[in-house]
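Reader: Please give me a close look at a single part of this model. I should be grateful for a connected account that explains each technical term as it arises.

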Amino acid sequence: MESLVRDTIESRVHSVLAKIRSATEKAGRPAVSVRLVAATKTVAIPQIMEGVQAGLSILGENRVQEALAKVPALKQGLVQWHFIGQLQRRKVRSVIGLFDLIHSVDSLELAREIDRRAGDAGHRQDVLLEINIGNEPTKAGFLPEQVRQAMPEMACLSHVRIRGLMAIPPPTADPDSARPYFRKLNELARMIDAQHFPSVKMEELSMGMSGDYEVAIEEGATLVRVGTAIFGARHV
């Protein structure tokens, strides 16, 4: 049974990586322009290790408490850890320096807190700004017009380095229906990049998950966050 599980995780990793390569080729992009972030929420360390052995190099965690146990056990070699869940300000101190990249900075207040805590630690934290690209009232993130207004102040934060944007489009049964939202995020990133803010580079677009990452790649994603397609359905 253990070998079957291991083979299943390995085959899923290889399948996702192959689909990423195919989508980049279809979009006329180099294969190295897109990286897979394996979402590890609720996944046990042995299963994550199987994924790493199968070729995963970036692991994404949603929960700070889970990360505090997993990162020390799996921080090895070329494996990076990204924080991809909603980050509460009271937990910022715990994640500074623990993650190579935080995908989910969803407010100016959170950016300020990260800057303060990173300054205390003598660290400069790489982050992405989360955009509420579908203007959904129940979802966190900057609205596009809000992020443009907040950018001048965020660009001046001395211990935060803004490297791009992240978004989750409204849910849909058809992956292609997410395309306009991915395209809108890409356009917003280009608009921000054209302003040439200090310490801001729109080099990363984190968009696309298990159901729609191929469409996201066609629209410019550089990071795709895939969990279910690798580790199976979540048991929260």
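Author: Two strands pair if DSSP finds at least two bridges between them; strands (E, at least two residues) and helices (H or I, at least four) are DSSP runs, numbered from the N terminus. The model is a predicted one, in which local features need pLDDT of at least 70 and side-chain atom pairs count only at pLDDT 80 or more, whereas totals for chains, interfaces and linings use all residues. Residues are numbered from 1 along each chain as its sequence is written, and side-chain values use heavy atoms, leaving out hydrogens and water.

The part to examine is strand β1, which covers residues 35-39. Four of its five residues are buried (under 20% relative accessible area, against over 50% for exposed and partly exposed in between, with a 1.4 Å probe and protein chains only). Strand β1 is therefore largely enclosed by the rest of the structure.

Which strands does β1 pair with? One partner is strand β8, residues 223-226, which runs parallel to β1 and is joined to it by four bridges. Within this pairing, valine 37 stands opposite arginine 225 of β8. Another partner is strand β2, residues 58-61, also parallel to β1 and joined to it by two bridges. Here alanine 39 has glycine 60 of β2 as its bridge partner.

Between β1 and β2 comes helix α2, residues 45-54, and together the three elements make a right-handed β-α-β unit. The crossover has this hand if, with the strands pointing away from the viewer, the path from the first strand over the helix to the second runs clockwise. Helix α2 has buried residues of its own, namely Ile48, Glu50, Gly51, Val52 and Ala54. After α2 comes glycine 55, whose phi is positive, near 130°.

Helix α2 also packs against helix α3, residues 64-74: their axes come within 11 Å and cross at roughly 45° (axes are lines fitted to C-alpha atoms, for helices over the stretch in contact, with angles from 0 to 180 degrees between N-to-C directions). This angle makes α2 oblique to α3, since under 35 degrees counts as roughly parallel, over 145 as roughly antiparallel, 65 to 115 as roughly perpendicular and the rest as oblique. The crossing of α2 and α3 is right-handed, the near helix being turned clockwise from the far one by less than a right angle. Where the two helices meet, Ile45, Ile48 and Met49 of α2 face Ala69, Lys70, Ala73 and Leu74 of α3 in contact (heavy atoms within 4.5 Å). Ile48 thus belongs to this meeting and is also one of the buried residues of α2.

Glycine 60, the partner of alanine 39 in β2, also allows a link to another part of the chain. Its C-alpha atom is separated by 18 Å from that of isoleucine 114, 54 residues away along the chain. Isoleucine 114 lies in helix α5, residues 108-120. Is isoleucine 114 buried or exposed? At 1% relative accessibility, isoleucine 114 counts as buried. Neighbours within four places in sequence set aside, isoleucine 114 is in contact with Leu87, Val92, Ile96, Ile102, Val105, Gln125, Val127 and Val160.

To return to the part requested, β1 is joined by bridges to β8 and to β2, and α2 completes the β-α-β unit with β1 and β2.
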